[in-house]
Structure formats: C-alpha cells, structure tokens
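Visitor: Please walk me through this one, a question at a time.
Guide: Gladly, let's get it on screen.

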Amino acid sequence: MDSTPRDPAFYVERLKGLLQSSSRAVAFTGAGVSEESGIPTFRGKGGLWDRYPPSLYANPAGLMLLFLVRPSWMAAFFSDILDSLLRAKPNPCHRVIAQWEEEGFIKAVITQNVDDLHSTAGSVNVYELHGNAFRVRCVRCGDREKLARERLLETAKKLNEAPQSRRSLLRLFFDFGGSCRACGGRRRPDVVLFGEGLPQEEWDRALRLATEADLFMVIGTSSLVYPAALLPRIAAESDARIVEINPEPTPVSSLAALRIPFPAGKFFSLFDVS
Ligand code: NAD
Ligand code: ZN
C-alpha cells in the first residue's frame with residue numbers, strides 16, 4: 001500500500017521547516033514549473049513530444065530533414081512554441097520563488113526554461129542554463145539583447161501565415177535576429193539548441209551554487225537532460241538536502257529527503273503571496 005501522505009498541508013509544513021533551517025537554499029527548475037502557465041513540457045502527459053515525434057523534432061538531423069522536405073511542419077512546431085511563450089504569465093510557483101528570494105530564504109534560481117517567467121515574477125538571481133527565448137545573441141561578439149515583445153508577436157504572426165517555404169523560413173529567421181548593435185554581426189535566438197553547449201558563465205555559477213547549497217529544490221524537471229541533470233547529484237554529493245516537487249517520479253526521486261507529488265503551481269498556491 002502507498003504510504004505517501006496525500007494532504008498537501010503535510011508537505012507545506014515540512015518544506016517550511018527545511019527552508020527555515022537552511023541558509024543556502026537554491027531552486028532548480030524545469031519545464032514543469034511553467035506547465036500551469038500554459039507552456040507545454042517536452043516529456044510527460046500532454047507534452048510536446050506527444051504531438052511532435054521526438055525522432056524528427058528533438059534532434060538537429062531531424063529538424064534539418066523537416067526543413068528540407070516539410071518546412072511548413074517545422075513552422076507549425078515553432079509557431080506552437082512561440083504562441084505559448086507569448087501568452088504565458090507567471091503562476092504561484094514562479095511568484096513564491098521570487099518572494100522567497102526577496103525574503104532571503106533562497107539564494108538563487110537555476111532554470112532550464114527559456115520562457116523568462118522567473119524574471120517576470122520578480123526573481124533577480126536567475127541563472128538560465130538554456131538561454132532565453134526573448135533574447136538574441138550576436139554570433140560574432142556574443143553581445144546579448146532582449147527583444148521587444150512586439151518583435152516576437154510579429155514573428156509568430158508570420159509563422160502562422162501558411163504555407164511556409166524554405167526561403168520564407170530562412171528569411172524569417174534572419175529578420176528575427178537582425179544585426180548586432182556592437183559589431184554589426186548576425187544575431188540568433190539566445191537559446192541552447194539540441195546538441196549545443198551551455199553558456200559557460202551560467203554553468204560555472206550553477207555548479208558553484210549546487211556545490212555550496214544546503215537545500216536544493218528540484219522542481220518540474222524530468223532530470224533527463226544533461227549536463228543540467230548533474231546538478232541535483234552534485235548538490236546531494238555536497239550534502240545538500242534534496243527536495244523534489246513533481247507529480248511524477250524521476251531519477252532524482254531516490255536522492256530526495258522530501259518528495260512532493262503535486263503540480264508545482266497548485267502546491268505553491270498554498271504559499272502564494274499575491
Ligand atoms: P521535461 O519536459 O523533460 O520534463 C518535464 C517534467 O515536469 C516531467 O518530469 C513532468 O512530470 C514534470 N511536470 C509536468 N507538469 C508539472 C507540474 N505542473 N508541476 C511540476 N512538475 C510537472 O522538462 P525539463 O526537465 O525541463 O527538460 C526539457 C528541456 O526542454 C529543458 O531544457 C527545457 O529548457 C526545455 N523546455 C523549456 C520550456 C520552457 O521554457 N517553459 C518548455 C518545454 C521545454
Ligand atoms: Zn556583435
């Protein structure tokens with residue numbers, strides 16, 4: 001018989017206790033924290049890979065094939081992602097994490113998300129391991145710039161104008177980035193694509209935070225995407241207590257001192273500050 005308590009209040013009290021007895025707590029988040037903001041995850045029920053086969057959409061070779069033979073399918077995939085990013089608003093999980101940082105209960109949030117929702121909610125020390133979909137980066141000098149929302153809305157609108165050809169997709173991609181204000185170089189979306197390396201500064205900082213943490217909260221991530229998935233293991237080996245908040249078990253569950261089996265937005269609404 002499952003002996004896991006089902007009353008969320010039990011977990012609220014346990015988590016409060018852990019937070020109060022820690023001095024270097026860190027939140028580590030994945031796509032699941034934004035699921036209740038309307039952004040689909042990749043994996044799990046209702047995830048993008050249910051609708052878009054990962055054999056085609058989750059690797060550079062598959063995406064190249066799509067671009068060559070079915071550019072309109074590729075446009076539909078990007079349009080789907082962009083539409084949800086543009087519509088999303090922070091949920092109680094993003095808001096409570098921001099509030100806990102302001103109150104000094106947590107040091108930082110390390111996220112794998114590209115949706116900007118932690119910063120929108122007010123978090124300041126945010127380390128984005130996979131970049132930010134609302135930013136572009138110069139391929140020559142690395143200068144980064146936040147894009148106006150209107151620019152993304154315009155791109156989403158154009159992506160929805162069917163049918164897309166290879167030529168129109170390429171034009172859209174180049175127009176989206178524009179040229180660098182510092183050196184005139186070409187710019188691309190500042191997100192880490194499949195098979196690409198992580199931004200060095202963010203990764204170094206995340207490693208340090210994981211090594212120094214005494215409480216490491218792993219929220220809404222399948223912990224299957226490397227190297228980010230190493231962080232909970234590094235934190236555990238450095239003697240941090242691990243808390244996992246995820247309705248589904250993951251490879252991190254066996255490391256967790258406390259596993260909270262609820263959707264993050266619903267659970268954090270019990271602490272909500274707004
Ligand atoms: P993932 O898609 O691999 O896994 C999502 C996890 O979230 C699953 O374990 C699932 O059980 C859990 N989950 C689903 N709904 C939840 C909820 N309401 N509350 C708590 N947990 C919930 O996501 P990942 O581990 O972050 O890795 C996927 C990669 O894709 C990451 O690199 C991420 O950057 C990227 N991604 C980002 C976004 C975003 O920016 N919002 C969305 C999709 C994918
Ligand atoms: Zn430049």
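Visitor: Let's pick one residue to start: is R140 buried or exposed?
Guide: In this predicted model, R140 sits in the loop between β4 and β5. (Helices are DSSP runs of H or I with at least four residues, strands are E runs of at least two, both numbered from the N terminus.) The relative accessible area of R140 is 60%, and the cut-offs are under 20% for buried, over 50% for exposed and partly exposed in between, with a 1.4 Å probe and protein chains only. So R140 is exposed.

Visitor: What kind of model is this, by the way?
Guide: Residues are numbered from 1 along each chain as its sequence is written, chains are lettered from A and ligands numbered from 1 in the order written, and side-chain values use heavy atoms, without hydrogens and water. Local features need pLDDT of at least 70 and side-chain atom pairs pLDDT 80 or more, while totals for chains, interfaces and linings use all residues, since this is a predicted model.

Visitor: How far apart are the C-alpha atoms of R140 and P232?
Guide: Along the chain, R140 and P232 are 92 residues apart. In space, their C-alpha atoms are separated by 34 Å.

Visitor: Which residues coordinate the zinc ion (ligand 2)?
Guide: We're looking for donors, meaning N, O or S atoms within 2.8 Å of the metal (3.2 Å for Na, K and Ca). Here every donor is an SG atom, at 2.3 to 2.4 Å. They come from C138, C141, C180 and C183.

Visitor: What arrangement do the four donor atoms make?
Guide: Look at the angles they subtend around the zinc ion (ligand 2): 99 to 117°. Four donors pass as tetrahedral if all angles lie between 85 and 135 degrees. That's why the arrangement is tetrahedral.

Visitor: Where along the chain are C141 and C180, and how many residues apart?
Guide: The donor residues follow the spacing C-x2-C-x38-C-x2-C. C141 is in the loop between β4 (131-138) and β5 (144-146), and C180 is in the loop between α9 (166-177) and β6 (187-191). This pair links distant parts of the chain, 39 residues apart.

Visitor: Of C141 and C180, which one is buried?
Guide: C141 has a relative accessible area of 43%, so it counts as partly exposed. The value for the other cysteine is 6%. The buried one is C180.

Visitor: On to ligand 1: how many residues surround it?
Guide: A residue joins this group if one of its heavy atoms lies within 4 Å. The closest are R43, Q112, H130, T221 and S222. The full count is 26 residues.

Visitor: How far is a polar side-chain atom of R43 from an oxygen atom of ligand 1?
Guide: Let's take the neighbours in turn. A backbone N or O atom of A31 lies 2.8 Å from an oxygen atom of ligand 1, and a side-chain N or O atom of E35 is 3.1 Å from a nitrogen atom of ligand 1. For R43, the distance to an oxygen atom of the ligand is 2.5 Å.

Visitor: Which side chain does N132 make a polar contact with?
Guide: N132 is in strand β4 and is buried, with a relative accessible area of 1%. A polar contact is a pair of N or O atoms within 3.5 Å; within protein, one must be able to donate a hydrogen and the other to accept it, and residues adjacent in sequence count only if both atoms are side-chain atoms. At 2.9 Å, the partner is the side chain of E128.

Visitor: And T111: the backbone nitrogen of which residue lies 3.0 Å from its side chain?
Guide: T111 is in strand β2 (residues 106-111). Its relative accessibility is 2%, so it counts as buried. A polar atom of its side chain lies 3.0 Å from the backbone nitrogen of N113.

Visitor: S223 and D239 have a positive phi; which of them is exposed?
Guide: S223, in the loop between β7 and α11, has a phi of about 55° and is buried at 5% relative accessibility. Phi is near 75° for the other residue, which is found in the loop between α11 and β8 (241-245). At 69% relative accessibility, the exposed one is D239.

Visitor: Last one: is the peptide bond from Y226 to P227 cis or trans?
Guide: P227 lies in the loop between β7 (215-219) and α11 (230-237). Omega for the bond from Y226 is near 5°, and the bond is cis.

Conventions. Four donors count as tetrahedral if all angles lie between 85 and 135 degrees; four count as square planar and six as octahedral if opposite donors are over 155 degrees apart and all others between 65 and 115; anything else is irregular.
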